[in-house]
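Reader: Hello! I'm new to this structure. Could you pick one part, look at it closely with me, and then follow its links to the rest?

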Amino acid sequence: RAVHVTGNVTQNGGALPAFGNDRGQLMFRSTKTRLTGSVPLGSNGPGAYDTWLPPDEYDVLLVGNPALCSAKASPPVPCNTGVVKRAVSIRADGALDVDIPAVMLTGAVTVNGAAMPSAAFDRGQLAFVNEEGPSGFTLPFGTNGAASYAATLVAGTYDVEWEGTSQGCGVSSPVACNQGRVKRGVSLTQSGVLDVDAPTVK
């Protein structure tokens, strides 16, 4: 029979921020069958969940709200997807509290070590790629001005990718129009500054 599981959901050991936007979902993914069950976290109020699951071993993931990645200001909760508990045995009714480790990052984005040049089209954006795929995208950099980003992510190890825009392909573009990895295996376990340089060839 299914087991009844409840718990509190916190972030970095404190209350899950409430800010009027969808905070995403908790996903329980079987380590054996890969079947999943999800519970929404809502937009306000204390973080908590109440669900029924088949007895099994689960990874617990935060499935962030991707719309938050496009916000002009870094959201208070992660906008991407990442594992927050691994290989948890859930085989009887009970409580399982879940803490979401989150990091808030800011940084400058340069091209070949210099300020990002202006372009006639949007210059692109960054993607933070973990084992769950490229789910953490920054706000696009626009057409001019110094490029920077702010992002809130599930703590973990990431590749950072440049995501160019197709308008720059086939023309003389000052920034790359394609996609490519610019940092590999970056351990993001604490909030702080991570500057990113995009090496570009013409």
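**Charged pairs, rings and the core**

Author: Let's start with Arg181, which is partly exposed at a relative accessible area of 41%. In these terms, buried means under 20% relative accessible area, exposed means over 50%, and partly exposed is in between, using a 1.4 Å probe and protein chains only. Please keep in mind that this is a predicted model, in which local features need pLDDT of at least 70 and side-chain atom pairs count only at pLDDT 80 or more, while totals for chains, interfaces and linings use all residues. Residues are numbered from 1 along each chain as its sequence is written, and side-chain values use heavy atoms, with hydrogens and water left out.

What does Arg181 pair with? Its side chain meets that of Asp159 in a salt bridge, at 3.0 Å from N to O. The term stands for a side-chain nitrogen of Lys or Arg within 4 Å of a carboxyl oxygen of Asp or Glu. Asp159 sits in strand 15 (residues 156-163) and Arg181 in strand 16 (residues 179-188), so their bridge ties together parts that are 22 residues apart in sequence. Strands here are DSSP runs (E, at least two residues), numbered from the N terminus. Unlike its partly exposed partner, Asp159 is buried, because its relative accessibility is 17%.

Across the whole structure, the search finds 4 salt bridges. Another of them joins Glu132 and Arg29, with the closest N and O atoms 3.0 Å apart. Glu132 is in the loop between strand 12 and strand 13 (133-137) and Arg29 is in strand 3, so this pair bridges parts that are 103 residues apart in sequence. Arg29 counts as buried at 9% relative accessibility, whereas Glu132 is partly exposed at 27%. The two side chains also make a polar contact of 3.0 Å; that term means a pair of N or O atoms within 3.5 Å, where within protein one must be able to donate a hydrogen and the other to accept it, and where residues adjacent in sequence count only if both atoms are side-chain atoms.

Next to Glu132 in number comes Glu131, which forms a salt bridge with Arg86 at 2.3 Å between the closest N and O atoms. This pair, too, links distant parts of the chain, since Glu131 is in the loop between strand 12 and strand 13 and Arg86 is in strand 7, 45 residues apart. Here Glu131 counts as exposed at 55% relative accessibility, and Arg86 is exposed at 51%.

Now back to Arg29 for a moment. Leaving out residues up to four places away in sequence, Arg29 touches several others, including Leu35, Val83 and Tyr58, where contact means heavy atoms within 4.5 Å. Tyr58 leads us to the rings, of which the structure holds 5 aromatic pairs. Rings of Phe, Tyr and Trp (its six-membered ring) pair if their centres lie within 6.5 Å; planes under 30 degrees apart count as stacked, over 60 as edge-to-face and the rest as tilted. Phe28 and Tyr58 have ring centres 6.3 Å apart and planes at 85°, so they are edge-to-face. Phe28 belongs to strand 3 (residues 25-30) and Tyr58 to strand 6 (residues 56-63), so the pair connects parts that are 30 residues apart in sequence. Both Phe28 and Tyr58 are buried. A second pair, Phe128 and Tyr149, is tilted, because the centres are 5.7 Å apart and the planes are at 45°. With Phe128 in strand 12 (residues 125-130) and Tyr149 in strand 14 (residues 147-154), this pair ties together parts that are 21 residues apart in sequence. Phe128 is buried at 0% and Tyr149 at 5%.

Which residues have the most contacts inside the largest nonpolar core? This core has 48 residues, and those with the most contacts inside it are Phe28, Tyr49, Ile90, Phe128, Tyr149, Trp162 and Leu188. Strand 14 gives it the most, with 5 residues. A nonpolar core is a set of buried Ala, Val, Leu, Ile, Met, Phe, Trp, Tyr and Cys residues joined through side-chain atoms within 4.5 Å. Ile90, in strand 7 (residues 81-90), is buried at 5%, and its contacts include Phe28 and Tyr58.

How values were computed
Helices (H or I, at least four residues) and strands (E, at least two) are DSSP runs, numbered from the N terminus.
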